[in-house]
Amino acid sequence: MRFQAKKKAVLLLADGTAFYGKSVGYEGTAFGEVCFNTGMTGYEEIFTDPSYFGQIMVTANAHVGNYGVYSSDRESDGLKIAGLVCRNFSEHYSRPLAEEGLKEYFAKNGLVAICEVDTRALVAYIRDHGTMNAVISTETDDLEALKERLREVPEMKGLELASRVSTKEPYFVGNPEAKYKVAALDFGIKKNILRNLVARDMYIKVFPYNTPLAELKAWNPNGYFLSNGPGDPEPLTEVIAQVKQMIAEDLPIFGICLGHQIIALANGISTYKMHNGHRGINHPVKNLLTGKDEITSQNHGFAVNRAEAEANPNVEITHIHLNDNTVMGLRVKGKKCFSVQYHPEAAPGPNDATYLFDQFVEMITKK
């Protein structure tokens with residue numbers, strides 16, 4: 001691979017449909033599941049979100065790169081998307097805080113991105129035909145050769161990816177003298193989740209995704225957090241069994257996104273791959289406990305089976321998506337355990353659901 005600008009590029013979907021554009025600058029070929037995000041801002045947070053690991057991102061926003069990059073906006077230690085497809089890529093930026101341009105950031109990290117693609121048509125196509133594997137390339141327009149390589153890429157359904165983004169060693173975040181201690185299982189945790197926990201006087205020890213419960217309990221935390229992350233939750237059978245034990249022992253548990261799905265699976269409720277998922281910062285959710293509506297940030301391609309959740313006597317659905325009535329929140333009856341499918345820590349926003357972190361504190365302190 002080498003750095004080169006404005007070379008012809010192609011996006012080939014698994015069903016054989018091709019879209020054409022230009023290289024942003026870093027020459028190469030990238031594979032992954034293609035999906036789209038409808039957010040009008042926050043591209044750096046999206047590109048560094050571990051939940052997008054293994055995915056080629058299509059931005060519905062027409063302009064990307066116009067405010068450069070700033071390290072404090074990153075949700076992890078670096079880029080996590082497999083590649084980028086956009087309409088207009090801005091090589092020049094105007095944000096005073098920016099440390100460098102997005103093009104330079106991609107080049108340093110070897111990320112293949114293509115622009116000048118008809119993203120309105122592409123988003124509409126994915127919406128109608130569903131997310132699927134794809135390849136983007138600035139190296140060749142030989143569709144048959146790319147199609148052969150694309151056949152070797154595993155489907156997202158059944159793919160365990162949490163182990164690819166989880167920390168390898170435990171680490172600490174926050175003030176050791178904080179009032180509460182929280183053990184977080186890292187399936188691909190976002191930095192802004194940790195910031196929200198720290199802001200509520202919590203000291204967090206972040207553990208690898210498959211850390212045994214005995215090791216978590218040995219730190220003597222006040223509560224347990226199950227993070228967001230990429231891939232299909234169902235292959236995480238050992239983690240699911242462990243969370244089932246955590247719930248049975250009535251330990252305080254808060255789960256977000258993948259953590260929410262694992263809590264459902266621990267209660268015998270299945271998950272399924274969605275047609276095109278929810279990815280954006282304007283998704284409407286109804287809180288069934290309060291009757292209030294929230295505008296939320298979401299990023300998931302799998303969801304909890306609503307019929308099974310409604311039939312399960314041990315859980316209560318607390319939130320639903322107002323667009324498609326999918327399950328957005330659960331609580332385990334008689335236990336200190338709740339979860340949401342969306343992102344209350346949303347960066348750059350919205351902030352309608354940050355109360356859930358306060359709810360976690362209340363659950364920990366409740367006798």
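This passage describes an annotated domain, a ten-stranded sheet and two pockets in a predicted model.

The UniProt record, an unreviewed entry, places the feature "domain: Carbamoyl-phosphate synthase small subunit N-terminal" at residues 7-137. This span is 18% helix and 32% strand. Its end C-alpha atoms lie 10 Å apart.

Strands of a sheet pair through backbone hydrogen bonds, either parallel or antiparallel. In this model, ten strands form an open sheet with mixed pairing. Their order is β10-β12-β11-β13-β14-β19-β18-β17-β15-β16. The edges are β10 (171-173) and β16 (293-304), and each of these pairs on one side only. On average, neighbouring strands of the sheet are turned by 25° against each other, direction ignored. Within the sheet, β14 (residues 253-256) pairs with β19 (residues 337-340) in the parallel sense, over four bridges. Here G255 stands opposite S339 in β19. Helix α6 (residues 191-198) lies across β10, β12, β13 and β14. Its direction is about 145° to that of β12.

The largest pocket holds about 400 Å³ of space. It is lined by 19 residues, and R331, K335, Q359, M363 and K366 lie nearest its centre. Strands β17, β18 and β19 and helix α11 each give two or more residues to this lining. Helix α11 gives the most, with five. The lining has eight nonpolar, six polar and five charged residues.

The second largest pocket holds about 280 Å³. Of its 17 lining residues, S76, D77, Y171, I189 and K191 are the closest to its centre. Elements α5, β10 and α6 each give two or more residues. Helix α6 gives the most, with three. This lining divides into six nonpolar, three polar and eight charged residues.

Notes. Residues are numbered from 1 along each chain as its sequence is written. This is a predicted model: local features need pLDDT of at least 70, side-chain atom pairs count only at pLDDT 80 or more; totals for chains, interfaces and linings use all residues. Side-chain values use heavy atoms; hydrogens and water are left out. UniProt positions are given in the numbering used here, feature names are shortened, and annotations may be inferred rather than shown by experiment. Two strands pair if DSSP finds at least two bridges between them. Axes are lines fitted to C-alpha atoms, for helices over the stretch in contact, and angles run from 0 to 180 degrees between N-to-C directions. Contact means heavy atoms within 4.5 Å. On a 1 Å grid over the protein atoms alone, a cavity is a set of points where a 1.4 Å probe fits but cannot get out, and a pocket is an open set with protein on both sides within 12 Å along at least five of seven lines; lining residues have an atom within 4 Å of a point. Grid points are joined across faces, edges and corners, and a volume is the space filled by probe spheres set on the points. Ala, Val, Leu, Ile, Met, Phe, Trp, Tyr, Cys and Pro count as nonpolar, Asp, Glu, Lys and Arg as charged, and the others, Gly among them, as polar.
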